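Here are some short exercises to work through with the structure open beside you. Try each task yourself before reading its solution.

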Amino acid sequence: GAEAARLGVELVPGCEVSCRGPGDPASAAGSAHVLVYFPDEDGPLSATLATLRRNREDRNRRLVARLVELGLPVTWEEVVAEAGGEDGLGRPHVAAVLVRHGVVGSIQEAFDRYLGPGGAAYLPKDNLGLPEVARLAAASGGLCVLAHPLSLGLPEATLARFLEDLASLGFVGAEAFYGRYRPEERQLLERLARRAGLVPTGGSDFHGTYKPDLAVGTGQGDLAVPDWCLEELLARRPARPRG
């Protein structure tokens with residue numbers, strides 16, 4: 001917050017949560033990413049995510065053990081070093097180690113062959129359901145937005161119905177202006193979001209070296225998220241009790 005103020009940038013606090021999606025767990029639609037904006041730091045969502053992080057550490061250790069059993073050159077210590085510590089360690093760090101050792105040629109290949117659904121070392125996550133994350137976010141003063149909706153791989157009509165279902169759960173937005181989407185895809189998602197009563201939001205999905213084709217704020221160079229996205233999100237924030 002202090003750094004944002006120094007730079008003259010408006011800080012939008014939030015987090016990204018992996019949830020159980022609408023489809024088969026082994027398919028792309030089996031996992032949905034939800035952006036929660038403006039959550040309370042000490043609310044029920046934060047407490048639940050802390051528990052999930054502890055569960056994730058155990059899963060990460062078992063994942064690395066599976067890779068070792070497969071004879072791959074990876075150790076827990078190297079993955080921790082890649083992540084800069086155990087806090088925040090996730091599959092992208094494991095993938096980066098596999099890339100560095102030449103096991104795979106890219107982060108995406110690491111997920112396709114080893115770490116993602118159907119991969120040789122895949123372990124399912126203990127993810128929240130979409131109704132649950134909506135409830136926890138609301139109880140924490142947060143706003144739920146579906147991240148990069150096309151990643152679900154749903155046909156247009158199915159995606160339209162899914163967005164309506166999310167709106168009925170209390171979601172307020174769907175990401176339309178996304179770093180990797182073509183202009184026509186962004187326009188489609190803006191229309192579908194509006195039809196469902198959701199705010200079309202935007203983001204570059206910058207993840208540092210793990211998504212090297214995406215720059216912060218501008219995605220692949222052409223992204224410019226309209227200011228009205230934030231204005232409309234702010235308008236959806238519930239009134240907070242005084243005192």
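The exercises below concern a predicted model, and each is followed by a worked solution.

**Exercise 1. The largest core**

Task: Find which residues of the largest nonpolar core touch the most other members, and list the elements that give two or more residues to this core.

Solution:
- Begin with the membership: the largest nonpolar core has 36 residues, and those touching the most other members are Val 34, Val 36, Leu 128, Leu 130, Val 133, Leu 163 and Phe 171.
- Next, go through the elements. The strands that give two or more residues to this core are β1 (14-20), β2 (31-37), β4 (143-146) and β5 (173-178). The helices that do so are α2 (44-69), α6 (130-139), α7 (156-169) and α8 (183-195).
- Then zoom in on Val 133. Leaving aside neighbours within four places in sequence, Val 133 contacts Val 17, Cys 19, Val 34, Val 36, Leu 45, Leu 128, Cys 144 and Phe 171.
- Finally, look for another cluster: a second, separate core holds 23 residues, including Val 80, Val 103, Tyr 114 and Leu 115.
- As background, nonpolar side chains in soluble globular proteins tend to be buried together.

**Exercise 2. Two cysteines**

Task: Decide how many disulfides the structure holds, and work out where Cys 19 and Cys 144 stand in that respect.

Solution:
- A disulfide needs two cysteine sulfur atoms within 2.5 Å.
- For Cys 19, the nearest cysteine sulfur is that of Cys 144, 7.6 Å away. For Cys 144, the nearest is that of Cys 19.
- Neither residue is therefore in a disulfide, as the cut-off is 2.5 Å and the distance is 7.6 Å. The structure as a whole holds 0 disulfides.
- Now check accessibility: Cys 19 has a relative accessibility of 0% and counts as buried, and Cys 144, at 2%, counts as buried too.

**Exercise 3. A pair of helices**

Task: Describe how helix α3 and helix α4 pack, and sort the residues of their contact by type.

Solution:
- Start with the geometry: α3 (residues 76-83) and α4 (residues 91-100) pack at an angle of about 110°, and their axes are 9 Å apart.
- Because of that angle, α3 is roughly perpendicular to α4.
- List the contact: α3 provides Glu 78, Val 79, Glu 82 and Ala 83, while α4 provides His 93, Val 94, Ala 96, Val 97 and Arg 100.
- Sort these residues, and you get 5 nonpolar, 1 polar and 3 charged.
- Move on to the loop between α3 and α4, where Glu 86 is found. At 36% relative accessibility, Glu 86 counts as partly exposed.
- Beyond residues up to four places away in sequence, Glu 86 touches Glu 57, Arg 61, Trp 76 and Val 80.

**Exercise 4. Positive phi in the loops**

Task: Place Phe 38 and His 148 in their loops, and say whether each is buried or exposed.

Solution:
- Recall the background: most residues other than glycine have a negative phi.
- Phe 38 has a positive phi, near 60°. Phe 38 sits in the loop between β2 and α2 and is buried, with a relative accessible area of 8%.
- The phi of His 148 is positive as well, near 25°. His 148 belongs to the loop between β4 and α7 and is buried, with a relative accessible area of 8%.
- To finish, visit Leu 152, which is found in the loop between β4 and α7. Leu 152 is buried, with a relative accessible area of 4%.

Note on methods:
Residues numbered from 1 in each chain as written. Predicted model: local features only at pLDDT ≥ 70, side-chain atom pairs only at ≥ 80, totals over all residues. Heavy atoms only, no water. Core = buried A, V, L, I, M, F, W, Y, C linked by side-chain atoms within 4.5 Å. Buried < 20%, exposed > 50% of the residue type's maximum accessible area, 1.4 Å probe, protein only. Helix = DSSP H or I, 4+ residues; strand = E, 2+ residues; numbered from the N terminus. Contact = heavy atoms within 4.5 Å. Axes fitted to C-alpha atoms, helices over the stretch in contact; angles between N-to-C directions. Parallel < 35°, antiparallel > 145°, perpendicular 65-115°, else oblique. Nonpolar A, V, L, I, M, F, W, Y, C, P; charged D, E, K, R; others polar.
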